[in-house]
Amino acid sequence: MNPQAITITLLMITAGSLICSIILWRMLTAQNNKAQAAYATHRKEHKTILSKSKAERRDLKLVLNAFDDALIITNASGIIQVANEATKILCEGRELRGKSITSAFLNDEICKHIAEAILNNEAQKQNILLTETNFGQKNAVEDSAWIIDYAPLPVSDITENTEPPLHRVILRNVTTEHRTDQIKREFVANASHELRTPLAIISGYLENLIDDDVVDSPATARRLLATMRKHSERIALLIEEMLIISKLESGESAQLASEPFLLNNTITTVIERLSPVIQNQHAIITTGFDPKLIHLTGDAFYWEQALFNIIENALKQNTKSPVHISISARELNGQLTIEVSDNGKGIPSAHLPYIFNRFYRVQKHHSQNEVKGTGLGLSIVKHAIEAHGGTITATSKPGINTTFTINVTNSSPSLN
Ligand code: ADP
C-alpha cells in the first residue's frame with residue numbers, strides 16, 4: 001500500500017471513530033437527560049407526597065388537640081400509641097407515646113378502670129367519682145367526676161389484619177356537671193324540707209281548730225291562727241326567695257336592668273324600710289360615704305335587695321342588746337367598695353365558709369324563739385352582686401366586728 005492510501009485509510013478510520021464517539025456521546029447525553037428528568041419528576045412526586053403527609057399529620061394533630069377530652073390509643077398491651085394534648089395536661093406534660101397506661105396516669109383508680117376496659121375488649125362507658133384527689137384539678141384537692149369511654153378499634157380500618165387490635169380510650173372530666181347535679185339535688189331536698197316544716201305546723205293547727213273546744217275559745221283560736229299566719233308567711237317568703245335565686249341562676253341575670261341610680265338613695269331607702277326594727281332594737285346606724293354621690297349602673301332592685309338582706313341580718317341576729325351597724329361606701333379608681341359592719345354576736349369561723357350557701361344557717365333549729373330566716377338571704381346577695389360583676393366576702397370576730405365587703409367595678413362617673 002502506498003503512503004497516500006495509508007494516510008487516507010487512517011483519516012477514514014479517525015473520522016469513523018470520531019463519528020462513532022459523537023453518536024455515542026449524544027446517546028449517552030440523551031439517556032442522562034432522560035434519567036435526570038425522571039429523577040426530577042420522582043423528586044417532585046416525593047416532595048408532594050411528603051408535604052401531603054406532613055399536612056395530613058398536622059390536620060390529624062389539630063383534630064386530636066381540638067378535643068377537650070383526653071384521647072389515647074393503646075395497643076393490646078396497654079402501651080400508648082397516640083395521645084392528644086388534653087391527655088398530656090392530665091399527665092403533667094409528660095411525653096406519653098410508648099408508655100404504659102399504668103406509668104402514664106398517676107391515679108390508681110383511673111389506671112385500673114382503663115386496664116380493665118382494655119382487657120374486657122368491649123365498648124363501654126363508665127362513670128367514676130374520685131374523692132379528694134388533685135387528678136385533673138388545677139390547684140385544689142377535691143372530688144372529681146370522670147367518664148371513661150372505651151372502644152376497641154376496628155382492625156381493618158387502621159392496622160393490617162395480622163397486627164393485634166388497637167384500643168381507643170376517651171377520658172372526660174364531668175366534675176362541673178356532677179357538681180351542678182349535686183347542687184340541684186341538695187336544693188330540691190332542702191327546699192322540700194324547709195317547706196314541709198311550716199306546712200306540717202299549719203296542718204297540725206288546722207286539726208286543732210276543727211276541734212269544737214277550740215272554736216268555743218276565741219282566744220285560743222286567735223293564737224292558733226296567728227301562728228298559722230306566721231308559718232304561711234314563712235312559706236311565702238321561702239317561695240319568693242327561691243324564685244329570686246332561680247331567676248338569678250337561670251341566666252336571667254343577663255337580663256338584669258342596667259340603669260343609672262344613686263347608691264346613696266338605695267342605702268337611705270333600705271334604712272327607712274328597716275327603721276321600725278332599728279327603733280325597736282335601739283340599734284345605732286352610722287353611714288360613711290365619699291363626699292360625693294355614688295352613681296352606679298345596674299339593677300337597683302337587686303342592689304336594694306342585697307343591701308337589705310345584709311343590714312337586716314345584722315339587726316335580726318343581734319336583738320338582745322343594741323347593736324352598732326356602720327355602712328360605708330368609697331370609690332377609688334373606678335373600684336367601689338361597700339362595707340357593712342356590726343359589733344354583734346358574729347359568725348364563728350367554722351361557719352364562715354358556708355354562709356353564702358343556700359339554706360345555710362348557723363342556728364338550725366325551728367323553735368318558736370328562733371331568729372327569722374330561710375338561709376337563702378346571703379345566697380341571693382352573692383348571686384345579685386356576682387350578676388353585676390362584683391364580689392362579696394365576710395369576716396367576723398364574734399362580739400367585736402362582723403363585716404360584709406362588696407367590691408365592684410363602677411363604670412359610672414361619680415359626681416361631687
Ligand atoms: P337567714 O335567712 O337565716 O338570715 P342568710 O343566708 O341571710 O340566712 O344568712 C345565713 C346565716 O349567716 C344566718 O342564718 C346567720 O347565722 C349568719 N349571719 C349572717 N349575717 C350575720 C351577722 N351580721 N351576724 C351574725 N350572723 C350572721
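This short talk walks through the overall form of the protein, then a sheet, a pair of strands, and the surroundings of the ligand.

Before I start, please keep in mind that this is a predicted model, in which local features need pLDDT of at least 70, side-chain atom pairs count only at pLDDT 80 or more, and totals for chains, interfaces and linings use all residues. Residues are numbered from 1 along each chain as its sequence is written.

Let me begin with the whole protein, which has eleven helices and twelve strands, where helices (H or I, at least four residues) and strands (E, at least two) are DSSP runs, numbered from the N terminus. Its radius of gyration, taken over C-alpha atoms, is 40 Å, well over the 22 Å from the globule rule (2.2 Å times the number of residues to the power 0.38) for 416 residues, so the protein is more spread out than a compact globule. The C-alpha trace spans about 165 × 65 × 35 Å along its principal axes. Of the 416 residues, 21% count as buried, a term that requires 20 or more other C-beta atoms, placed from the backbone, within 10 Å of the residue's own.

Turning to the sheet, we find five strands in an open arrangement, in the order β2-β1-β5-β4-β3 and with antiparallel pairing, where two strands pair if DSSP finds at least two bridges between them. The edge strands, each pairing on one side only, are β2 (80-83) and β3 (124-133). Within this sheet, β4 (residues 142-152) and β5 (residues 167-173) pair in the antiparallel sense over seven bridges, and Y150 stands opposite V169 in β5.

Elsewhere, strand β6 (residues 259-262) runs antiparallel to β8, joined to it by four bridges, and F261 stands opposite L296 in β8. The side chains along β8 (residues 295-298) alternate, with L296 and G298 pointing to one face and buried, while H295 and T297 point to the other and are not buried.

Finally, what surrounds the ligand? There are 22 residues around the ligand, the closest being N313, V362, G373, G377 and L378, and a residue is counted as near if its C-beta atom, placed from the backbone, lies within 6 Å. The elements that give two or more residues to this shell are α10 (300-316) and α11 (377-387). By class, the shell has seven nonpolar, twelve polar and three charged residues, with Ala, Val, Leu, Ile, Met, Phe, Trp, Tyr, Cys and Pro taken as nonpolar, Asp, Glu, Lys and Arg as charged, and the others, Gly among them, as polar.

Definitions and conventions:
Buried ≥ 20, exposed ≤ 12 C-beta atoms within 10 Å, placed from the backbone.
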